[in-house]
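Welcome! Please take a look at the model below, and then let us walk through how its parts fit together.

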Amino acid sequence: MADKKITAETLIFDALEINPNAAEILMAHGMHCLGCALAHGETVGEAADVHGADLEKMLEELNNI
């Protein structure tokens, strides 16, 4: 899965599978509830919006595998 690109539409659950460091990156951007049920159905873009994170910067970090 490492060849897949994480986008704003990628589910957080899938981002965690694509990039083994995704949890650390997402938490650094203020998303500390990765284990909650909502996180599994929420996209990276939705989470960035809710948490006021810089989506472009976060995506750049998530895709820098």
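Let us begin with Thr10: leaving out residues up to four places away in sequence, Thr10 touches Lys5, Ala15, Ile18, Glu42, Thr43 and Val44, where contact means heavy atoms within 4.5 Å. Thr10 sits in the segment before H1; helices (H or I, at least four residues) and strands (E, at least two) are DSSP runs, numbered from the N terminus. At 10% relative accessibility, Thr10 counts as buried. Here buried means under 20% relative accessible area, exposed over 50%, and partly exposed in between, with a 1.4 Å probe and protein chains only.

Before going further, a word on the source: this is a predicted model, in which local features need pLDDT of at least 70 and side-chain atom pairs count only at pLDDT 80 or more, while totals for chains, interfaces and linings use all residues. Residues are numbered from 1 along each chain as its sequence is written, and side-chain values use heavy atoms, with hydrogens and water left out.

**Two threonines and their polar contacts**

The side chain of Thr10 reaches the backbone nitrogen of Thr7 at 2.8 Å. One of the partners of Thr10 is Thr43, which lies in the loop between helix H3 (37-41) and H4. Thr43 is buried too, with a relative accessible area of 15%. Apart from neighbours within four places in sequence, Thr43 is in contact with Ala8, Glu9, Thr10, Leu11 and Ile12. A polar atom of the Thr43 side chain lies 3.3 Å from the backbone oxygen of Ala8. At the start of H5, a side-chain oxygen of Asp54 comes within 3.2 Å of the backbone nitrogen of Glu56.

The table gathers these polar contacts, each a pair of N or O atoms within 3.5 Å; within protein, one must be able to donate a hydrogen and the other to accept it, and residues adjacent in sequence count only if both atoms are side-chain atoms.

| Side chain | Backbone partner | Distance |
|---|---|---|
| Thr10 | nitrogen of Thr7 | 2.8 Å |
| Thr43 | oxygen of Ala8 | 3.3 Å |
| Asp54 | nitrogen of Glu56 | within 3.2 Å |

**The overall fold**

How many helices and strands does the protein have? The secondary structure comes to five helices and zero strands, which gives the pattern α-α-α-α-α along the sequence. The C-alpha trace spans about 25 × 20 × 20 Å along its principal axes. With 65 residues, a compact globule would have a radius of gyration near 11 Å, and the 10 Å of this protein agrees with that. The radius is taken over C-alpha atoms, and the globule rule is 2.2 Å times the number of residues to the power 0.38.

Of the 65 residues, 37% are buried. Among contacts with a separation of 6 or more, 56% are between residues 24 or more positions apart. The protein exposes about 3,900 Å², and carbon and sulfur atoms supply 54% of that area.

**The nonpolar core**

In soluble globular proteins, nonpolar side chains tend to be buried together. In this model the largest nonpolar core has 16 residues, and those with the most contacts inside it are Ile6, Ile12, Leu26, Met31, Val44, Met58 and Leu62. Such a core is a set of buried Ala, Val, Leu, Ile, Met, Phe, Trp, Tyr and Cys residues joined through side-chain atoms within 4.5 Å.

Ile6 is found in the segment before helix H1 (12-18) and is buried, with a relative accessible area of 1%. Beyond its sequence neighbours up to four places away, Ile6 touches Ala15, Ile18, Asn19, Val44, Leu59, Leu62 and Asn63. Leu26, with the same neighbours set aside, touches Ile12, Leu16, Met31, Leu34, Met58 and Leu62.

**Two helices with a buried side**

The buried residues of H4 are Val44, Gly45, Ala47 and Ala48. They cover an arc of only 165° around the axis, which puts them on the same side of H4; the arc is that of the directions from the helix axis to the C-beta atoms. On the other side of H4, Asp49 and Val50 are exposed. Cover for the buried residues of H4 includes H1 and H5.

In H5, the buried residues are Met58, Leu59 and Leu62. They fall within an arc of 100° seen down the axis, so they line one face of H5. Glu56 and Glu60 are exposed on the other side of H5, while the buried residues of H5 pack against H2 and H4.

Notes
Areas by Shrake-Rupley, 256 points an atom, 1.4 Å probe, with all protein chains shown as cover.
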